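Student: I am new to this structure and should like a close look at one part of it, namely how its helices pack and which residues take part. Could you then set that part beside some features found elsewhere in the chain?

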Amino acid sequence: MFTELLVCLLIGGLICFLVQRSRKQVLKTEDGWWGPGAPPDGGEDVTIYPFKVSTSDKELEDLYTRIDQTRPVPSLEDSQFNYGFNSQYLQKVVSYWRHDFDWRGQVDKLNQYSHFKTNIEGVKIHYLHVKPKKVPVGSAAIPLIMVHGWPGSFYEFYGLIPLLTEPTEPHDLVFEVVCPSIPGYGFSEAPHKKGFDSVCAAHIFHKLMRRLGFQQFYAHGGDWGWLVTTNMAQLQPKTVRGLHVNFAPPSKPGLPLALSVMLGNRFPKLFGFTDMDVQRLYPCMDKLVVETIKESGYMHIQATKPDTVGRGLNDSPVGLAAYILEKFSTWTSRDFRNLEDGGLTRKFSLDDLLTNVMIYWTSGCIVSSMRFYKENFGKGLNAPHSKMTVFVPTGFACFPNELMHTPKLWVKQKYRNLVTFTPMARGGHFAAMEEPQLMAEDIQKFIKLVEKKKKKQQ
């Protein structure tokens, strides 16, 4: 008993020392030029112009022709979604897409919010800018940038936006929301040169927010959006008033993380592990190694040779749908792998899922979106931002079915000013789209606390 207590005290002291010794650093970067050729001599056009999503008979006829010419492949017996997207169920999805899905109606839905484009560092950046219709007297709308990931898009936030810009509770904050498309995703132009990674995207989004007149703002992100907004906080910590994320895998495993993995099952309280933490992390080989291997094959392909598989996906709408929608099944719940329909419509509607697919299809962005993995992982796992901690006030929404579970101790290794850590009642990787109400509530809670603290300091 005495020996175990001594070990606990030594480990606890070591963790405290490692946590406290880090210094505040600011990430450095430079302006880039991602357009074709050399930058113009006369400087960049900074005009902001309206944009509308559109479609045409020609676009739809091409889509239907390609769908009609698809070559189905029978799935193995009793395979469900364990081999990928089940072919039998895929035929049902494709039939709905071909005969019942109303893309023109969804285009109208996409255009319910104001879209814009502007040139930054040689590429046209697409974004939504949603201003609240009504702001309480004596208060101001709070600017918030929300960044998507892969294989999502700005459309993931369509259920969340009205909850933030038109809250129903009288004491809730009112937000002015900006949702950009990462360059190479959706309706943002793809970089024409190699090297465009998350830091480059963060730098461009800072320029976007300044161009819109925001001197300070809050940021939210999941998936790649987590890394882009984290980099924004590292680049300009005085500009980002607060950072809210729902995905935070350890970027640089260190001794505290290693010790917690090795000893957390035996001494959970020492590491602040909850019952949920223990359930999601142990046995380690199954939960952290085997599961990761099962769900990361796509990542290896996209981080090495994205253009090869991407060319096939860009030619086949059915192949594209299978590739994207399989993630909306498995990444929402691992248990969905054992269902014949992948549980796809338990959390989402086919209309919403196919709208996201259509954004990829009509913009032809699947290849450029996949290249983002190559650019980020191609530079190795020791990029400067991965070694830097974040001191901007941070809120973390911990959804129970997230791809990688991140206990509070692990989050605090990266985000040293952790204001809120919320174990969420339900939800998976695409949390903003799956559980917009829960996400809105957590964003409100976090930013209210940060604003209250800042007012006390004034």
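Tutor: What follows begins with one pair of packed helices and then moves to other parts of the chain. Please keep in mind that this is a predicted model.

Let us start with helix α2, residues 57–68, and helix α15, residues 350–363. Their axes lie 12 Å apart, and the two helices pack at an angle of about 105°. An angle from 65 to 115 degrees counts as roughly perpendicular, and α2 is therefore roughly perpendicular to α15. On the α2 side, the contact is made by Glu59, Asp62, Leu63 and Arg66. On the α15 side, Met358, Trp361 and Thr362 take part. Sorted by class, the residues of this contact are 3 nonpolar, 1 polar and 3 charged.

A residue of another helix touches some of these positions. Trp97 belongs to helix α3, which covers residues 87–99. Its relative accessibility is 0%, so Trp97 counts as buried. Setting aside neighbours within four places in sequence, Trp97 is in contact with Leu63, Tyr64 and Ile67, among others. The contacts of Trp97 also include Leu354, Val357 and Met358, and Leu63 and Met358 are themselves part of the contact between α2 and α15. Pro317, Val318 and Ala321 are likewise among the residues that Trp97 meets. By contrast, Trp97 and Gln413 stand 316 residues apart along the chain, with 45 Å between their C-alpha atoms.

Ala321 leads to the next residue to examine, Glu326, because Glu326 also touches Ala321. Glu326 is placed in helix α13, residues 317–330. Which other residues does Glu326 touch, once those up to four places away in sequence are left out? They are Gly84, Phe85 and Glu295. With a relative accessible area of 13%, Glu326 is buried.

The loop between α2 and α3 holds Asp78. There the backbone has a positive phi, near 55°, in a residue other than glycine. Asp78 is exposed, its relative accessible area being 66%. Glu121 also has a positive phi of about 55° without being a glycine. Its place is the loop between β2 (115–120) and β3 (123–130). Is Glu121 buried or exposed? At 3% relative accessibility, Glu121 counts as buried.

A second helix pair may be set beside the one described above. Helix α7, residues 224–235, and helix α16, residues 366–377, have axes that come within 12 Å and cross at roughly 50°. The two are therefore oblique to each other, and the crossing in which α7 passes α16 is left-handed. Trp224, Leu227 and Val228 of α7 meet Phe372, Tyr373, Asn376 and Phe377 of α16. By class, this contact has 6 nonpolar residues, 1 polar residue and no charged residues, while the contact of α2 with α15 includes 3 charged residues.

Two peptide bonds also deserve attention. The bond from Trp150 to Pro151 is cis, with omega near 0°. Pro151 sits in the loop between β4 (142–147) and α5 (161–165). Another cis peptide bond, with omega about 0°, joins Tyr282 and Pro283. Pro283 is in the loop between α9 (275–281) and α10 (284–295).

How many disulfides does a search of the whole structure find? The search finds 0. A disulfide is a covalent bond between the sulfur atoms of two cysteines. For Cys179, the closest cysteine sulfur is that of Cys365, and the 16 Å between the two sulfurs is too far for a bond. Cys179 is also buried, at 1% relative accessibility. For Cys284, the closest cysteine sulfur belongs to Cys398, again 16 Å away and too far for a bond.

Cys398 appears once more among the contacts of Thr422. Thr422 is part of strand β9, residues 418–423, and is buried, with a relative accessible area of 11%. Apart from residues up to four places away in sequence, Thr422 touches Phe396, Ala397, Cys398, Asp442 and Lys445.

Finally, Lys412 is located in helix α17, residues 408–414. At 39% relative accessibility, Lys412 counts as partly exposed. Lys412 and Val390 are 22 residues apart in sequence, and their C-alpha atoms are 9.3 Å apart in space.

Methods:
Residues are numbered from 1 along each chain as its sequence is written. This is a predicted model: local features need pLDDT of at least 70, side-chain atom pairs count only at pLDDT 80 or more; totals for chains, interfaces and linings use all residues. Side-chain values use heavy atoms; hydrogens and water are left out. A disulfide is a pair of cysteine sulfur atoms within 2.5 Å. Buried means under 20% relative accessible area, exposed over 50%, partly exposed in between (1.4 Å probe, protein chains only). Axes are lines fitted to C-alpha atoms, for helices over the stretch in contact, and angles run from 0 to 180 degrees between N-to-C directions. Helices (H or I, at least four residues) and strands (E, at least two) are DSSP runs, numbered from the N terminus. Angles under 35 degrees count as roughly parallel, over 145 as roughly antiparallel, 65 to 115 as roughly perpendicular and the rest as oblique. A crossing is left-handed if the near helix is turned anticlockwise from the far one by less than a right angle, and right-handed if clockwise. Contact means heavy atoms within 4.5 Å. Ala, Val, Leu, Ile, Met, Phe, Trp, Tyr, Cys and Pro count as nonpolar, Asp, Glu, Lys and Arg as charged, and the others, Gly among them, as polar.
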